[in-house]
Amino acid sequence: QSLSLVYSTIDENYPEGTLQLLSDLLQPGYYPPRDISLHLLRGILLDPKCPYHLCVQAFNLLIRTQRNLIHPSNCRHRMADKTTIPWDWELLTSLMTNQDHAKRHRCEVVRMLLEYVVQTMEDDFQAKRSSSTLHQSIAKSTLSCDQQFLNVRDVIKWLFSAIMKSTEHAETGEAVRERDEQIRMVSIFQRMLSLALEVDRSPALNSAKLSQELFHMLIGNIPLRAHRMLLLESLQSKLLRCKLLEHLLDYACPLKITVPMSLSLLLHFMKNCTLAPDPTVNISCILFSALAYRSTSALDRCSDINDGSERWQKWEELVHLLWMLLLSYNKAMKGYLCSSVSEQRGRVGTLVYKQDDMVTKTAVREAVEALLSRSQADLGQALPLHVEESLTYLQDHLLDVCQC
């Protein structure tokens, strides 16, 4: 009877009644048929004429439906596949394309759709992972680097677009609100990339593909440090971050060597890499610096040292990238990061040192001195104190892990 009333409100195009009846009907372990979820998604949430508060209600009901679908009293979620969900990749592509050209939907609505999509994929991924049937997962059918790499490229393109929009200068309340929504979308797209990385049998191969794609997009489209930092800081996979940083630092290194990722290669980057300065000064650089170094005085420092000569910032960024590379590599050295998720269960990650990781304390000190010498020759003066402190901490950390 309840479902009959829901269908009546749908036929009469009475969304308020549909939402109210469904809100009363949904209980843990129960969920509506697919055609009703389809109406919530396409008929209410994505209806440009629908009032925003009704879109929010439709989104909340879709999330509630998804939670009911995976409730412990339910096992039918294990049968979910590409044909049972109320969205498909064509819908996402069409929505994102129209949004770029005509902004047909509010940015909050686009973000809500993306959040619902990634939630369904993550829930299904965990369910299929526990039953060792990842090959049947929604993520496998939509975001596999082996089978659907064009879709993965779509995600990367949308990610970079969101990064650019989220770092734009905003003056009006509307612009600030949209910028905040774009930052939330950055996180959602990064969750999608994490699924793309893990859904196939070899995360190591997928990280190579994804890092190459991200690297080429990065050097071709993102000129500012604020953009680079947002991309790197929001990456959820330490393995992918490690691979991408390796590409970036190798690109900035005039002296190439044929050494795999290792502590030896990190010291080589420290001795030889020189980053290009930002074409413009961006206060976001200072903000990301504050986050990276947990510095509460970053904004105060900005007025003191921003005297028209900002070349020191490229050295600050280099030290920051080296830190990120070391911390990411420490995680990647644990072999389970390179194995499939089904092989990771029950395994305890231990550091696996290679021959190129056997660096000496003398080599570490020489690399640090080389960076200090190059920066002083470039700037004509010592690095700002906070950059030298960060480099000192980096040296201490490397000395602690030296094997000889």
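How many cavities of 30 Å³ or more does the structure contain? In this predicted model, the count comes to one cavity of that size. The search behind the count follows a familiar idea: rolling a probe the size of a water molecule over the atoms shows where empty space is left. The volume of the largest cavity is about 130 Å³. Its lining is made up of 14 residues, and those nearest the centre of the cavity are Met96, Asp100, Lys165, Gln182 and Met185. Four helices each supply at least two residues of this lining, namely helix 5 (89–102), helix 6 (107–130), helix 8 (149–166) and helix 9 (173–198). Sorted by class, the lining of the largest cavity comprises seven nonpolar, three polar and four charged residues.

The aromatic residues come next. A pair of aromatic rings is described by the distance of the centres and the angle of the planes. Three aromatic pairs are found in the structure. One of them joins Trp89 and Trp158, whose rings are stacked, with 5.6 Å from centre to centre and 25° between the planes. Trp89 belongs to helix 5 and Trp158 to helix 8, so this pair ties together parts that lie 69 residues apart in sequence. Helix 5 and helix 8 are also among the helices that supply residues to the lining of the largest cavity. Both tryptophans, Trp89 and Trp158, are buried.

Another pair is formed by Phe215 and Tyr251, and here the geometry is of another kind: the ring centres are 5.6 Å apart and the planes stand at 75°, so the pair is edge-to-face. This contact, too, links distant parts of the chain, with Phe215 in helix 10 (residues 203–221) and Tyr251 in helix 12 (residues 238–251), 36 residues apart. The two partners are placed quite unlike each other with respect to solvent accessibility: Phe215 counts as buried at 9% relative accessibility, whereas Tyr251 is exposed, with a relative accessible area of 54%. Returning to the tryptophans, Trp89 and Trp158 form one aromatic cluster together with Phe189. An aromatic ring also meets a charged side chain, as Arg106 lies over the face of Tyr52 at 4.2 Å from the ring centre.

The cysteines were examined for cross-links. A disulfide is a covalent bond between the sulfur atoms of two cysteines. How many disulfides does a search of the whole structure find? The result is zero. Two cysteines help to show why. For Cys55, the closest cysteine sulfur is that of Cys50, and at 4.2 Å it is too far for a bond, because a disulfide requires the sulfur atoms to be within 2.5 Å. Cys253 has its closest cysteine sulfur in Cys273, and that separation of 4.2 Å is likewise too far for a bond. Cys55 counts as buried at 2% relative accessibility, and Cys253 counts as buried at 1%.

Two further buried residues illustrate how positions separated along the chain are arranged in space. Leu40 has its place in helix 3 (residues 34–45), where it is buried with a relative accessible area of 1%. In sequence, Leu40 and Thr18 are 22 residues apart, while their C-alpha atoms are 8.8 Å apart in space. Ala226 is found in helix 11 (residues 225–234) and is buried, with a relative accessible area of 0%. A span of 52 residues along the chain lies between Ala226 and Asp278, and their C-alpha atoms are separated by 9.4 Å.

Finally, the backbone of two loop residues deserves a look. Which value does phi take in Asn13? It is positive, at about 55°, although Asn13 is not a glycine. This residue sits in the loop between helix 1 (2–11) and helix 2 (15–25), and Asn13 counts as exposed at 64% relative accessibility. Ser132 also has a positive phi, near 55°, in a residue other than glycine. Ser132 lies in the loop between helix 6 and helix 7 (138–143). With a relative accessible area of 44%, Ser132 is partly exposed.

Key:
Residues numbered from 1 in each chain as written. Predicted model: local features only at pLDDT ≥ 70, side-chain atom pairs only at ≥ 80, totals over all residues. Heavy atoms only, no water. Buried < 20%, exposed > 50% of the residue type's maximum accessible area, 1.4 Å probe, protein only. 1 Å grid on protein atoms, 1.4 Å probe; cavity = no way out; pocket = protein on both sides within 12 Å on 5 of 7 lines; lining within 4 Å. Points joined across faces, edges and corners; volume = space filled by probe spheres on them. Nonpolar A, V, L, I, M, F, W, Y, C, P; charged D, E, K, R; others polar. Phe/Tyr/Trp six-rings, centres within 6.5 Å; stacked < 30°, edge-to-face > 60°. Lys NZ or Arg CZ within 6 Å of the ring centre and 35° of its normal.
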